[in-house]
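The following paragraphs lead the reader through the pockets and the nonpolar core of a single model. Please keep the sequence and the coordinates at hand while reading.

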Amino acid sequence: MHKIRGNRIWQIVYPILVYYLCYNLFFSILCLCFGIRLNHLFLLGVASLLTIPFCYQIYRKAPVVKAQKLLDKHTLGKECLYILAIVLWGLFLNYLITHTPLVALSKGYAQANSTLYAGSLWIKIFSNCICIPILEELVYRGIVCGQLQLWYDKKIAVFISAFCFGIMHFNVVQFLYGFLVGLVIAAVYAKTRKLWVVMVAHGVTNFAVVMLAGLG
């Protein structure tokens, strides 16, 4: 336990660095090889897929408390309600934030948005709703929030992990959305300690946003 306490900051920074460097390295290599022929959002999805094994190894060895049962029929109904709550909260925030002046003022958001909503529906589902949510939940909830819960009060763990999740989007619009959605997702993870719950919630939220954007 003494060893864990002495390396708290590094144990949070290290997995984020691995995630960020691997993700961007794989994406850069894929762009060099296939950038002209393949959609960039698809390449982001593939980069996420390639990064997942590296982050999973960190998660597997990290000192985090995990749920004893992955699926439990006694708690499944409640977990489905948690997923629904996250999806509704995400849709509400997406509508609220995208109807503020911040959207027009943020060049970073415009650039990110042009990438994240480019391509066919299947590419959006593959990248935005499957690969990226799995990777982000593994890192920010599984590793970051999972470790912070061992050392601090749950509220602190939830706040810090949500802040890290938001700030890594590198623009003010996505920071606000990521942070506020991240608070609820992290709270659910702290409660359930089940990655599949927050991965599904994140993926379904992104799917709902993608579908609504298509209708708009």
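Contact means here that heavy atoms lie within 4.5 Å. The model under discussion is predicted. With neighbours within four places in sequence left aside, Leu 138 is in contact with Ile 52, Cys 55, Tyr 56, Tyr 59, Ile 143, Leu 195 and Met 199.

Leu 138 also introduces the largest nonpolar core, which comprises 55 residues. The members that touch the most other members are Ile 16, Tyr 59, Leu 135, Leu 138, Val 139, Tyr 140 and Leu 195. Two of these names, Tyr 59 and Leu 195, appear again among the contacts of Leu 138. At least two residues of this core are supplied by each of α2, α3, α4, α7, α8 (154-167), α9 and α10. The greatest contribution is that of α7, with 11 residues.

Helix α7 also holds Asn 128. Is Asn 128 buried or exposed? Asn 128 counts as buried because its relative accessible area is 7%, and the cut-off for that class is under 20%. Beyond its neighbours within four places in sequence, Asn 128 is in contact with Leu 41, Leu 116, Ile 123, Pro 133, Asn 206 and Val 210.

Attention now turns to the open spaces. The largest pocket has a volume of about 1000 Å³. It is lined by 39 residues, and those closest to its centre are Ala 112, Leu 116, Glu 136, His 169 and Gln 174. Leu 116, one of these residues, is also one of the contacts of Asn 128. Two or more lining residues come from each of α2 (8-34), α3 (40-61), α4 (76-98), α6 (107-116), α7 (121-151), α9 (172-192) and α10 (195-215). Among the elements, α6 gives the largest share of the lining, seven residues. By class, the lining of the largest pocket consists of 22 nonpolar residues, 16 polar residues and one charged residue.

What volume does the second largest pocket have? Its volume is about 220 Å³. The residues that line the second largest pocket are Ala 67, Gln 68, Lys 69, Asp 72, Thr 75, Lys 78, Glu 79, Tyr 82, Lys 191, Thr 192, Arg 193 and Lys 194. The elements giving two or more residues to this lining are α4 and α9, and α4 gives the most, with three residues. In this second lining, seven residues are charged, three are polar and two are nonpolar, whereas the lining of the largest pocket has one charged residue.

Notes
Residues numbered from 1 in each chain as written. Predicted model: local features only at pLDDT ≥ 70, side-chain atom pairs only at ≥ 80, totals over all residues. Heavy atoms only, no water. 1 Å grid on protein atoms, 1.4 Å probe; cavity = no way out; pocket = protein on both sides within 12 Å on 5 of 7 lines; lining within 4 Å. Points joined across faces, edges and corners; volume = space filled by probe spheres on them. Helix = DSSP H or I, 4+ residues; strand = E, 2+ residues; numbered from the N terminus. Nonpolar A, V, L, I, M, F, W, Y, C, P; charged D, E, K, R; others polar. Core = buried A, V, L, I, M, F, W, Y, C linked by side-chain atoms within 4.5 Å. Buried < 20%, exposed > 50% of the residue type's maximum accessible area, 1.4 Å probe, protein only.
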